[in-house]
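Visitor: I should like to go through this chain by question and answer, beginning with its overall make-up.

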Amino acid sequence: MSFVSIVRGKGAWRWAKTALTVTGSLTRRNITRCPTLSAGVKPMKITMPALSPTMEDGTIQKWLKAEGEQVVAGDALCEIETDKAVVTMEADEDGVMAKIIIPEGTKGIKITKLIALMVDEGEDYTQVEIPVEGDLDVTGGVAETAPVPTASETTAEYHHYTGPISLSPSVRLLVEKHRLRPEDVPATGPHGRLIKGDVLKFVKSGGKSTGTEAAPGAEPKAPPTAAAPPSLTPTPAPAGKAVPRQTEGPGYTDIELTSMRQTIAKRLTLSKTTIPHTYGTVDCGMDRVMEVRKQLKRDGFNVSVNDFIIKAAASTLKQMPAMNAIWQEDGPRLLDDVDICVAVATDTGLITPIIPHADRKGLADISATSRDLATKARNGALQPHEFQGGSFTISNLGMFGITEFSAVVNPPQSAILAVGGLRTVPDAGSVATATTAMRVTLSCDGRVADPDTVSLFLGNFRKNIENPKLMTLL
């Protein structure tokens with residue numbers, strides 16, 4: 001599966017092969033050829049792809065190919081942190097990595113923005129044509145013409161300047177290359193304009209002001225080339241994982257949110273402020289589940305309690321199709337497939353991989369799928385189709401000793417089941433005996449289901465989980 005958008009220099013269109021259906025974000029206009037000014041090698045342009053329907057921008061966590069390195073179709077080019085997960089971008093064409101436009105660690109890269117250039121095999125990658133600066137997002141508009149160096153002349157990492165001072169392309173290139181603040185460089189050009197000579201003189205002097213001498217007794221100004229604070233220095237992330245950066249100050253530590261954490265914060269706020277939550281809680285007897293689980297283990301099938309919960313929820317949704325719904329702007333949409341999302345905690349946040357067609361799967365199949373997805377989620381190896389969508393979510397905190405909790409509905413889904421841990425309680429029929437119980441709480445979008453429907457769903461779920469032989473086991 002490939003997620004890279006590559007356009008041949010001679011104008012032939014080649015689209016990335018992807019399992020996603022992206023509407024309105026990845027179009028022919030977004031990957032049109034950028035204008036170039038040098039007479040170098042024609043490039044193939046690699047742009048930031050839309051890796052999820054809700055993705056607006058991404059962060060390049062790590063480049064897996066270096067400039068000058070051979071690229072074969074299917075090779076991993078880089079790791080991109082989206083609003084959902086860290087996804088590996090793959091090439092769909094052979095060539096040579098000629099120029100990395102956006103360095104790793106760069107955040108907020110808009111989709112369709114140019115991030116790298118490739119050339120055909122056998123071409124001199126150091127002479128690749130570099131698009132004019134104002135057109136790096138390849139979304140339209142042509143920048144002013146100005147001499148632009150080739151890749152062999154611009155191999156350093158760049159700190160992209162987006163400040164208010166107007167700079168010529170050549171001056172901007174130097175400022176970004178040396179990570180300078182234009183306002184710190186004394187300008188000697190016409191009307192106080194910063195010129196190329198000013199920047200070169202400033203760099204040659206070690207980053208000290210060369211325009212005027214400091215007033216007697218004044219404190220010397222710190223050179224702008226001093227070490228940047230931690231928040232400005234990209235921190236390399238382990239493969240497939242996004243690591244939040246920290247900035248320490250006197251008495252506090254600021255934690256920079258990863259893209260996933262930002263998305264979680266936005267969606268939680270959206271859910272709690274726009275969805276009228278309805279709740280219901282019920283206790284379920286788990287003695288029969290434990291008996292069947294032991295029997296299956298003796299027969300060579302190692303299934304967890306959570307696998308029974310997933311199967312019971314899927315069977316209940318099949319019995320009550322009105323609950324297998326998502327909320328659209330104009331009302332609920334009933335879904336044909338019962339796709340259960342299971343919340344998995346990772347180092348970077350909570351993600352909900354999907355068990356598709358859970359109502360058609362037996363316990364053994366659900367168990368194998370769930371384990372595989374959980375491992376992928378913790379390793380940051382989930383593909384977009386494995387965590388996007390779903391019709392119902394289950395969040396189980398029982399293994400952490402939690403008895404009862406309420407979860408937040410994950411829009412556009414309309415319900416989420418919060419599962420507590422197993423506990424021993426007195427048997428209602430005999431004070432001398434005890435039974436195993438589990439408490440679950442259903443949070444539901446009140447626009448989709450009223451309290452009576454929530455109660456009916458919980459009643460059917462309890463019946464299914466307390467009678468596991470009624471469900472298809474294998």
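Visitor: How many helices and strands does the secondary structure of the chain come to?
Guide: This is a predicted model. Of the 474 residues, 44% count as buried. The secondary structure of the chain comes to seven helices and 22 strands.

Visitor: What is the mean pLDDT of the chain?
Guide: Confidence varies along the chain: pLDDT stays under 50 over residues 1-38, and also over residues 208-240. In the chain as a whole, 72% of the residues reach 70 or more. The mean pLDDT is 76.

Visitor: How many contacts beyond four places in sequence does the model have for residues 208-240?
Guide: For residues 1-38, where pLDDT stays under 50, the model has 115 such contacts. For residues 208-240, where pLDDT also stays under 50, the number of contacts beyond four places in sequence is 40.

Visitor: Is α5 oblique or roughly perpendicular to α7?
Guide: The axes of helix α5 (residues 305-319) and helix α7 (residues 451-466) come within 9 Å and cross at roughly 130°. Angles of 65 to 115 degrees count as roughly perpendicular, and those over 145 as roughly antiparallel. The crossing angle therefore makes the relation of α5 to α7 oblique.

Visitor: How many nonpolar, polar and charged residues does the contact of α5 with α7 have?
Guide: From α5, the contributors include Phe-308, Ile-309, Ala-312 and Leu-317. From α7, they include Phe-457, Asn-460, Phe-461 and Ile-465. By class, the contact has eight nonpolar, five polar and no charged residues.

Visitor: Which residues of α6 make the contact with α5?
Guide: The axes of α5 and helix α6 (residues 363-379) come within 9 Å and cross at roughly 115°, which makes α5 roughly perpendicular to α6. α5 passes α6 in a right-handed crossing. On the α5 side the contact is made by Asp-307, Phe-308, Ile-310 and Lys-311, and on the α6 side by Leu-363, Ile-366, Ser-367 and Ser-370.

Visitor: Is Thr-274 buried or partly exposed?
Guide: Thr-274 is found in helix α3 (residues 259-274). A residue counts as buried under 20% relative accessible area and as exposed over 50%. Because its relative accessibility is 43%, Thr-274 counts as partly exposed.

Visitor: How far apart in space are Thr-274 and Pro-411, C-alpha to C-alpha?
Guide: In sequence, Thr-274 and Pro-411 are 137 residues apart. In the chain, residues 24 or more positions apart account for 62% of the contacts with a separation of 6 or more. In space, the C-alpha to C-alpha distance between Thr-274 and Pro-411 is 9.8 Å.

Key. Residues numbered from 1 in each chain as written. Predicted model: local features only at pLDDT ≥ 70, side-chain atom pairs only at ≥ 80, totals over all residues. Heavy atoms only, no water. Axes fitted to C-alpha atoms, helices over the stretch in contact; angles between N-to-C directions. Helix = DSSP H or I, 4+ residues; strand = E, 2+ residues; numbered from the N terminus. Parallel < 35°, antiparallel > 145°, perpendicular 65-115°, else oblique. Contact = heavy atoms within 4.5 Å. Nonpolar A, V, L, I, M, F, W, Y, C, P; charged D, E, K, R; others polar. pLDDT = per-residue confidence, 0-100. Buried < 20%, exposed > 50% of the residue type's maximum accessible area, 1.4 Å probe, protein only. Left-handed = near helix turned anticlockwise from the far one by under 90°.
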